[in-house]
Amino acid sequence: MNGKTESMVNKSNNKNKVIIIGAGLGGICTALRLSKIGYKVSIIEKNESLGGKITSFSSKGYKFDQGPSLITLPDYFDEFFKDIGENINEHIELIKLNPMCRYFFDDGNKVDYFSSLDLMKKELDKVGEDFQNFYNFLSIGAKIYELSDKTFLNFPMGRVPKNIKIGDLIKFPYLRTLMSYKSLVNKTFSSPKIKQIFERYPTYVGSSPENTPGMLFVIPYIEYAFGSWYIKGGIYKLIESLEKLLVENEVEIIKNCVVKNIQISNNKITGVETSKGQISTKIVINNTDISNLNKYKNQKLNENIDDYSLSGFVLMLGLKKKIDLKHHNIIFSKDYKKEFDDLFKRKKFPEDPTIYVCNPTATDESVAPQNCSNLFIMANSPATSNIWTDAEIELARNKVLNKLKKINIHLEKSIIDVEKIQTPNYFMNQHNSYGGSLYGKNSHGIKNSFFRHPNKEKTKGLYNVGGTTHPGGGTPTVIKSSKITTDLIKNDY
Ligand SMILES: Cc1cc2nc3c(=O)[nH]c(=O)nc-3n(C[C@H](O)[C@H](O)[C@H](O)COP(=O)(O)OP(=O)(O)OC[C@H]3O[C@@H](n4cnc5c(N)ncnc54)[C@H](O)[C@@H]3O)c2cc1C
């Protein structure tokens, strides 16, 4: 490689030199894990800042998280910090949210989704749902989670761990988990409102409740059992602390540099070609959307947009007043089936979108000026490589603002201090993700849900990590992905 980067990388022993393509959460966590055990790691990021989909934007004192806003499974974060010899509490402050979410329905009713069972029972009573049904959901979810945690969440794909007991396999609710997620919701609950709340969870991985298996009951279970959390100061604080640790651990960070090719000879990795030159190495980890792998290998891209998870339309608003909302809020569409058909069958931005509104100042005053709010509003939208026109953007924006009006939030021009919009095109260009999809391949069917792209390729020295690889998308699973990939490399080199 020309210039500084090659010479810095060459300081290391060739055997233990690792190049990571992409500084998303998976790339960063793997870099830290490997550097802690003696590997010389360089991380190459095409953007100016680290974090990939975890990114933030500030203007006039408003700070917006532009990606994740909900943290689940805090133990996975804790485990990661422990694995690298750090105490999580010295780096980030996690705050538990209760209620986890406020749901607004089209008929004017609302449900607060509490993490405490006594309060939750009252909410269930309000909409005529039997508490026993909620208990049944928790019981099915717990069984799925227990088995997932002993198998696929902690091990490379296809490896059956030695400590798995026959009892774990016998008590698994096979029949329920193999039916469609939507059927399982219908079988478990009776209240249409609770059904609507639960049907939304597959969209956490950009997928449809009709096409995902009941196994995905594990998503609402995890959220309920382990809580919904926020990082004080904003989710991007996580990346800021990890970047400091990368520097302390002498991980070389190469920003504004695009990896163009992965070089391979005799089925072994020999290096990478970047926009700043060539780097030789025997070990490469791809942390970018898995669809890029063929491009890096100069092979034909063989992807079908229909296999990809949803993207999103995002409106970020800095408002000169406080908004009476909880931290997480959902304003549902009137006809959820029609909305899913728009998204997954007609492949268009919904006629009547369900919108998610994150209102961080409900928990943390530090992320907006005094008596102001920083709303992050998102509606699901199909992944696409078509360019959104100005008219489409304006229409989507109006639909979102009309949805807010339905719950009596009227945002006149005069109170909008800051505004930023992101369409699927932004996610595609900024993160190099296929059609702007947020979670790689969708989770439709057992194969897509549980057989994600493997962490190790057939080419010697080539590995993957991140949300589009095993075990899947979302911040806690990406952290697990970094553990699995690190273990594979440790075993091989
Ligand atoms: C809007 C949104 C909301 C979300 N909400 C949540 C949530 O509430 N909770 C949750 O847990 N998860 C959420 N997620 C998902 C979560 O953010 C991701 O699963 C996770 O951050 C992905 O991490 P990753 O390791 O796969 O890397 P990515 O974030 O995909 O990062 C990949 C990096 O690779 C870089 N790159 C790409 N191509 C190249 C190249 N050729 N050369 C060099 N660098 C390259 C990119 O610039 C990027 O920095 C959300 C995501 C989005 C976008």
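# Notebook: domains, rings and loops

**Entry 1. The two domains.** I began with the contact surface: domain 1 and domain 2 bury about 1400 Å² between them, and 71% of this area is on carbon and sulfur atoms. I noted that His444, Phe450 and His470 supply 41% of the area that domain 1 buries against domain 2, more than any other three residues. The model I am reading is a predicted one. I then looked up the bounds of the domains. The domain assignment gives domain 1 as 4-55 + 233-304 + 444-492, and domain 2 as 113-227. I found the C-alpha centres of domain 1 and domain 2 to lie 31 Å apart. For the contacts, I recorded 15 residues of domain 1 touching 16 residues of domain 2.

**Entry 2. Cis peptide bonds.** I returned to His470, one of the three residues named above. A cis peptide bond joins histidine 470 to proline 471, with omega about 0 degrees. I located proline 471 in the loop between strand E19 (462-464) and helix H17 (475-492). I also recorded a cis peptide bond between asparagine 98 and proline 99, where omega is about 5 degrees. Proline 99 belongs to the loop between strand E5 (94-96) and strand E6 (101-104).

**Entry 3. Aromatic pairs.** How many aromatic pairs does a search of the whole structure find? I recorded 33. I took up tyrosine 113 and tyrosine 224, whose ring centres are 5.7 Å apart; their planes stand at 80 degrees, so I entered the pair as edge-to-face. The pair links distant parts of the chain, with tyrosine 113 in strand E7 (residues 110-113) and tyrosine 224 in helix H10 (residues 218-226), 111 residues apart. Tyrosine 113 is buried at a relative accessible area of 1%, and tyrosine 224 is buried at 7%.

I next took up phenylalanine 134 and phenylalanine 198. Their ring centres lie 6.4 Å apart and their planes are at 80 degrees, so this pair is edge-to-face. Phenylalanine 134 is in helix H5 (residues 131-150) and phenylalanine 198 in helix H9 (residues 192-199), so the pair ties together parts 64 residues apart in sequence. I found phenylalanine 134 buried, at 0% relative accessibility. Phenylalanine 198 is buried, with a relative accessible area of 1%.

**Entry 4. Helix H9.** Phenylalanine 198 led me to the rest of its helix. Is H9 mostly covered or mostly open? I found H9 mostly covered, as seven of its eight residues are buried. The buried residues of H9 are Lys193, Ile194, Lys195, Gln196, Ile197, Phe198 and Glu199. I looked at glutamine 196, which is buried with a relative accessible area of 13%. Not counting residues up to four places away in sequence, glutamine 196 touches Phe105, Phe332, Ser333 and Tyr336.

**Entry 5. Lysines over rings.** Phe105 also appears in a second setting. Lysine 193 lies over the face of phenylalanine 105, at 5.5 Å from the ring centre. I recorded a further case: the charged end of lysine 480 sits over the ring of tyrosine 76, 4.4 Å from its centre.

**Entry 6. Around aspartate 417.** I located aspartate 417 in strand E18 (residues 416-422). Its relative accessible area is 24%, which I entered as partly exposed. Which residues is aspartate 417 in contact with, leaving aside its neighbours within four places in sequence? I listed Lys60, Tyr62, Gly318 and Lys320. With tyrosine 62, aspartate 417 makes a side-chain polar contact of 3.0 Å. I also noted leucine 319, which is 98 residues from aspartate 417 in sequence and 5.5 Å from it in space, C-alpha to C-alpha.

**Entry 7. Positive phi.** Lysine 60, one of the residues in contact with aspartate 417, has a positive phi of about 50 degrees although it is not a glycine. I found lysine 60 in the loop between strand E3 (56-59) and strand E4 (62-65). At 55% relative accessibility, lysine 60 is exposed. I then turned to asparagine 266, a residue other than glycine whose phi is positive, near 50 degrees. Asparagine 266 lies in the loop between strand E10 (259-265) and strand E11 (268-274). I entered asparagine 266 as exposed, at 72% relative accessibility.

Definitions and conventions. Residues are numbered from 1 along each chain as its sequence is written. This is a predicted model: local features need pLDDT of at least 70, side-chain atom pairs count only at pLDDT 80 or more; totals for chains, interfaces and linings use all residues. Side-chain values use heavy atoms; hydrogens and water are left out. Rings of Phe, Tyr and Trp (its six-membered ring) pair if their centres lie within 6.5 Å; planes under 30 degrees apart count as stacked, over 60 as edge-to-face and the rest as tilted. Helices (H or I, at least four residues) and strands (E, at least two) are DSSP runs, numbered from the N terminus. Buried means under 20% relative accessible area, exposed over 50%, partly exposed in between (1.4 Å probe, protein chains only). A charge sits over a ring if NZ of Lys or CZ of Arg is within 6 Å of the ring centre and within 35 degrees of the ring normal. Contact means heavy atoms within 4.5 Å. A polar contact is a pair of N or O atoms within 3.5 Å; within protein, one must be able to donate a hydrogen and the other to accept it, and residues adjacent in sequence count only if both atoms are side-chain atoms. Domain bounds come from an automatic or database domain assignment. Buried area is the accessible area (1.4 Å probe) that two parts lose on being put together, summed over both.
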